[in-house]
Amino acid sequence: MAALTGSAGAAGLLPSLSVPGVTELKPLSRYEAMRLGPGWSHSCHAMLYAPNPGMLFGRIPLRYAVLMQMRFDGLLGFPGGFVDRRYWSLEDGLNRVLGLGLGCVRLTEADYLCSHLTEGPHRVVAHFYARQLTLEELHTIEICAVHSRDHGLEVMGMVRVPLYTQKDRMGGLPNFLGNSFIGTAKFQLLFALKVLNMVPEEKLAEAVAATQKQKKPAAETAAVTANVTTAAVTANVTNVTAAVTANQMVAKPANELANQPLAVAKAEPAAKPATEPAAEPAPEPMAEPAAEAMAE
């Protein structure tokens, strides 16, 4: 597909993304980008896509097949890279990088789509290209990519972007947008899908909103977990401090105990012996009359 009408001229003709939740990048024309000084770096990336009449599960239209890459750092991005403007034109530098990662495709200035200034401390202009192929041509590129020099090194493999949204409002494009992207890749994907009329703008907004709603509960759960952990740690520290304080109050140092005089118990006075019971009186002698009677 040819570049957007007017995209090589004034940047004011380039439409904005205008999707809530996605930071807008400053657009500029190819002409303006080429007039920037030597302190600016230029990155060039390409989106290859093809109409796809297929149906997922026999009922969900696939609409288009869009190629992206899984990079060596675990981030998703488009084929391409930085171009040294001292030695290469934008397209020559892009095709050189594509040859290393794909092996069998060449783009021209007619495939140029847009340019944007990136955010951050580095002065980088991100140029983006898009070419529509047939589904057979796209499949051939996927096969060639497996045999390219960078496969398994800087490029882990090609990925097709799901452009549909399932009934749960998360399956498909929303879940895909929840992945991590390199640099301006996510913005460029959404921008191309919008300006090339591949996905309606309201569907893009719904997909982005669903992704943000998915992240919010996860963040809240992490915050609750952190609070519970902090409370548990605080309670443990308090308990340990109380136990140590109690031990310090009860247990005295051994040297302190050694220096204290021993307490000697006083002897109790001996108990007085109990008074012996009085002796019983001796029996009286027999009466005199009885003796006299015995004598008679």
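## Helix 2

Helix 2 (residues 90-101) has twelve residues, which at 1.5 Å a residue should span 16 Å, and its end C-alpha atoms lie 17 Å apart, in agreement with that expectation. The structure described here is a predicted model, and this comparison of spans therefore concerns the helix as modelled.

Along helix 2, the buried residues are Leu90, Glu91, Gly93, Leu94, Asn95, Val97, Leu98 and Gly101. The buried residues of this helix pack against helix 1 (30-34) and helix 3, and also against four strands, namely strand 2 (41-56), strand 3 (60-71), strand 5 (80-83) and strand 7 (124-132). Just after helix 2, glycine 103 adopts a positive phi of about 90°.

## A salt-bridge network involving Glu91

Glu91, which is among the buried residues of helix 2, also takes part in a network of salt bridges that links it with Arg30 and Glu109. A search of the whole structure finds nine salt bridges, and the pairs described below are among them.

## Glutamate 142 and arginine 160

Glutamate 142 and arginine 160 form a salt bridge in which the closest N and O atoms are 2.9 Å apart. This pair links distant parts of the chain, since glutamate 142 belongs to helix 3 (residues 135-146) and arginine 160 to strand 8 (residues 155-160), with the two positions 18 residues apart in numbering.

The two partners fall into separate accessibility classes: glutamate 142 has a relative accessible area of 17% and is therefore buried, the cut-off for that class being under 20%, whereas arginine 160, with a relative accessible area of 35%, is partly exposed.

## Two further pairs

Arginine 71 is joined to aspartate 73 by a salt bridge whose closest N and O atoms are 2.7 Å apart. Arginine 71 has a relative accessible area of 22% and so counts as partly exposed, and aspartate 73, at 35%, is likewise partly exposed.

In the other pair, the side chains of aspartate 84 and arginine 86 meet in a salt bridge with an N to O distance of 2.8 Å. Aspartate 84 is partly exposed, its relative accessible area being 29%, while arginine 86, with a relative accessibility of 67%, counts as exposed, because the exposed class begins over 50%.

Notes. Residues numbered from 1 in each chain as written. Predicted model: local features only at pLDDT ≥ 70, side-chain atom pairs only at ≥ 80, totals over all residues. Heavy atoms only, no water. Salt bridge = Lys/Arg side-chain N within 4 Å of Asp/Glu carboxyl O. Buried < 20%, exposed > 50% of the residue type's maximum accessible area, 1.4 Å probe, protein only. Expected span 1.5 Å × (residues − 1). Contact = heavy atoms within 4.5 Å.
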